[in-house]
Amino acid sequence: MHTAPQETSHHAEIDRQARLFRNRLRETLAGRGALKGGIAGVWAAGLILLAARLSGCHGQAPQRWLLLMLTAATVALPAAILATRRTPPHRAILAALDAAGSAGGLVMCSGADGAAAWPVAVSRLPGIAWRPSRALGGLAVALLFCASVILLPTRFFSSASPEATRGLESLVGELAERVAQAEAEALLPEPLTAALSNHLEQVAESGDATDPARTLEALDHIAEELTKSAAEQAEALATEHAALQATLSLTEQLAASFETEAQTDAQMAEAAAALEQLLSQAPISPSLAGNLLAAVTGTNTLSAATLQQLADMLREAGLNCEGQLMRLEDLKLVEAPACRGSGSCTNAQACAAALAQLLEGSGPDAEAAAALAVICGKPGAGGVSRGRGDAPLTWTDPSSREGAAFKDDSLGTAHLFTDGQAQLQGVSASAPEVPDTPAPVTAGALETATPSKGGAPQAPILPRHRETVTRFFE
Amino acid sequence: MTLPTPQEIAPVSEALNRTLDQLNRMLLGRENLHRLVLAGILARGHILLEGLPGLGKTALVKAVADIMQLQFKRIQFTPDLMPGDILGSHILQTRPDGTRDLVFQPGPVFCNILLADEINRASPKTQSAMLETMQERSVTLLGTTRPLPQPFFVLASQNPIELEGTYPLPEAQLDRFLFRLNVGGLGVDTLAGILTGRRHGTIPAPGWRLSQEMLEQCLAMADRIVLPEAVARWIARLVAASHPDSPEAPARIRTYVRYGASPRAAIALAESARALALLAGRPSVGFEDVRTLVEPVLNHRLILNYQARLDQVTPSVLAEELAGAIDVAGLNLPADVEVKP
């Protein structure tokens, strides 16, 4: 006789083991379901992204990754929940425990009457083996597909031919490199280079081949902006450089005159005022002008030392301008002529005459200052597209013919006649004989022509053509 | 569902084990075969022993009858054997008062254990005379049905190589056998033991015999062994999957089997599994009991096609594969998830 509590305890222990095993099985099934759902989600996200990109809606890469993760998670979670519904019922779990432990049916009968007399213990729960290799392989394939869809540049999703997009990357890279160097060397204003860099990134990202002309047009626009800005910068530098050179020439002339003959205070004050006015009106940067003015206005009268200091500053500033101009040229941001002629002042004689006139006091001071401004300032500060009237005419390298002209190609020799159609009339070693008197005008060839009967036509030269032939051989 | 108590099972199990010990002592080297024969008897089934001549089939049946103290008769099947030679016949007899009457003279089938030796040598007509006796355990002659003594077991033998002058058993009769047991050859040690221990191969007398009452207790106790629902369902799935058109049938079953096992096979599996559990001293049937019995129960019930003959695939192999292919617990897990003991 067995008591009810004993049976209940025995049955409860078996049930507890069964619930434990069932929970493990449910977790395994949930994980498997989540993985399967994740794979389905990745595939779905990949297909959605592919369709979106093929239809022209690209977005940014982080957005695509976010969409991938959201879709995978959205599908994986319900799949895991659904997978747990495949958890076997309690009686099947008991049967599995019985079979695993070779319990002879005693585990399955643990709830029957009299089962307590047949104690059986589930010493060790059976293991659950899940082989996810195929699922992981599927996940890898799905991720590869999705990554390809996400990371491939936009041009791969266009219907244009590869030839149309060839060279786009090199063009963008070349431009980006030029902009980056200009930015690094502070050759161009920083806001401008930053804006150009952003534009280039956008073109590289979204530059597809659905409309290659549009992409190339964008690149042309950026290149034009870059060239235009560089040209403006070069023009400003050239102008500044010319002004500096003019001022330097004037300063050197003043210093030379100070050394050769003594100057009165009034003359030196007048020269100082002229220099100050020249510097204040010169098209140079405000900071440089401030420094130069400080050197001039620091003393009431000019001295040789002051002029020498000013000349050094001007020379250094000029060299700085030259360096920037050369760098712009090296980077092909401007063409070489923009910098040429900036190495030395070509108006030294005029400057010297104007200075002599000023020093002799033969004319009003204002006229002398104006003459100096005219000689050393505006006229000589021509830009890339504008120059002085007496500037030398220079020729640049020919511009690229790419996209503007057909490639030259020699045509093959035309075979107008074959041997069967040609007929040798004779070989002449000299010019044909032409009678002095013109031949009488007769009817044309049609009148004298006879049926050829299959032979080559023998058309005589008409009289009105003989003069032409004669001129040819003459 | 109430399980027998250990106190109820213990004496029965002990008696059966002693019977098994006696069998093993009398006939050397056949422990597993003896266990299955005993399980078949406890399941009230008939057993077909198949093997070469001289392997001890007849000796086994005689030993079982001797230990169990059952009435034993033997019929040597020959092609000219008639049904009346088995079942019995009516003989015209004169009574003391001078009247004459037809009196039934029982045939050798009226016994507890019938050894049908070389059963496949009899004609189909004579073989079919065994159908009612094996299934109904009764004999009907001239409209009169006479029950056979209980218990009644048929232990038949057939020689597989003697095809000349034999008539293969029809499927209907084969299906009536609970087991078809293959009696194989003996090992060297066993043969050496027979040669050294037994002059002329004489089988020793049993040192202990099972009483009739104890045999009835054993049979009654076998009926009380509990068959859990999951095991019954596995048996049903096994038998259903033996048909090639079953959705759960393994690929090789679909390829090689023409006809699967009958519902009688499922009943045979369940009953013999109960007997095996009782032999093990358990009150319930486990999956391992069924797994042990799948081959002897199904090997003569699977009708194979010609492709199987060409590929030399035997029903025994297919039965073993079937038992391994069908998930015992019915967890219905995905293919990549497996429960390991």
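Trainee: What share of the contacts in chain B between residues at least 6 apart in sequence join residues at least 24 apart?

Mentor: In this predicted model, that share is 76%. To judge what counts as a contact here, use the cut-off of 7 Å between C-beta atoms placed from the backbone.

Trainee: How many helices and strands does chain B have?

Mentor: Chain B holds 14 helices and 12 strands. Of its 341 residues, 41% are buried.

Trainee: What makes β9(B) mostly covered?

Mentor: A residue is buried if 20 or more other C-beta atoms lie within 10 Å of its own. Five of the seven residues in β9(B) are buried, hence the description.

Trainee: And why is Glu118(B) called neither buried nor exposed, but partly exposed?

Mentor: Buried starts at 20 other C-beta atoms within 10 Å, and exposed means 12 or fewer. Glu118(B) has 18, so it is partly exposed. The residue sits in the loop between β5 and α5 (124-135) of chain B.

Trainee: What is notable about the phi of Glu118(B)?

Mentor: Glu118(B) has a positive phi of about 50°, although it is not a glycine. For background, most residues other than glycine have a negative phi. Arg137(B) also is not a glycine and has a positive phi, of about 55°. Arg137(B) is found in the loop between α5 and β6 (138-141) of chain B.

Trainee: How do you know which burial class Arg137(B) belongs to?

Mentor: Count the neighbours again: Arg137(B) has 16 C-beta neighbours inside 10 Å. Partly exposed covers what lies between 12 or fewer and 20 or more, so Arg137(B) counts as partly exposed.

Trainee: Which peptide bond is cis, and what is its omega?

Mentor: The bond joining Gln150(B) and Pro151(B) is cis, with omega at about -5°. Pro151(B) lies in the loop between β7 (144-147) and β8 of chain B.

Trainee: Let's turn to the sheet. What is the order of its five strands?

Mentor: The order is β2-β5-β8-β1-β9 in chain B; the sheet is open and its pairing is parallel.

Trainee: Why are β2 (72-76) and β9 (177-183) of chain B said to stand at the edges?

Mentor: Each of those two strands has a single partner strand, so one side of each is left without a neighbour in the sheet. On average, neighbouring strands of this sheet are turned by 20° against each other, direction ignored.

Trainee: How do you know that β2(B) and strand β5 (residues 113-117) of chain B pair?

Mentor: Pairing needs at least two bridges. These two strands have five bridges, in the parallel sense, so they meet the definition. Within this pair, Lys73(B) stands opposite Leu114(B) in β5(B). By the same test, β1(B) and β9(B) pair in the parallel sense over six bridges, and Leu49(B) stands opposite Leu181(B) in β9(B).

Trainee: What does α2(B) do beside the sheet, and how does it pack against α11(B)?

Mentor: Helix α2 (residues 31-42) of chain B packs on the sheet, touching β1 (46-51), β8 (153-158) and β9 of chain B, and its direction makes about 165° with that of β9(B). With helix α11 (residues 263-279) of chain B, α2(B) packs at an angle of about 120°, the axes being 8 Å apart.

Trainee: Why is α2(B) called oblique to α11(B)?

Mentor: Roughly perpendicular covers 65 to 115 degrees, and roughly antiparallel begins over 145. An angle of about 120° falls between those ranges, so α2(B) is oblique to α11(B). The crossing of α2(B) past α11(B) is right-handed. Residues in this contact include Leu38(B) of α2(B) and Ala275(B) of α11(B).

Trainee: Last topic: what joins chain A to β12(B)?

Mentor: Strand β1 (residues 127-130) of chain A and β12(B) run antiparallel and are joined by four bridges. Trp130(A) stands opposite Val337(B) in β12(B). Taking the chains as wholes, 31 residues of chain B are in contact with 31 residues of chain A. β12(B) gives the most to the side of chain B that touches chain A, with four residues. By class, that side has 19 nonpolar, six polar and six charged residues.

Notes: Residues are numbered from 1 along each chain as its sequence is written. Chains are lettered from A and ligands numbered from 1 in the order in which they are written. This is a predicted model: local features need pLDDT of at least 70, side-chain atom pairs count only at pLDDT 80 or more; totals for chains, interfaces and linings use all residues. Two residues are in contact if their C-beta atoms, placed from the backbone, lie within 7 Å. Ala, Val, Leu, Ile, Met, Phe, Trp, Tyr, Cys and Pro count as nonpolar, Asp, Glu, Lys and Arg as charged, and the others, Gly among them, as polar. Axes are lines fitted to C-alpha atoms, for helices over the stretch in contact, and angles run from 0 to 180 degrees between N-to-C directions. Angles under 35 degrees count as roughly parallel, over 145 as roughly antiparallel, 65 to 115 as roughly perpendicular and the rest as oblique. A crossing is left-handed if the near helix is turned anticlockwise from the far one by less than a right angle, and right-handed if clockwise.
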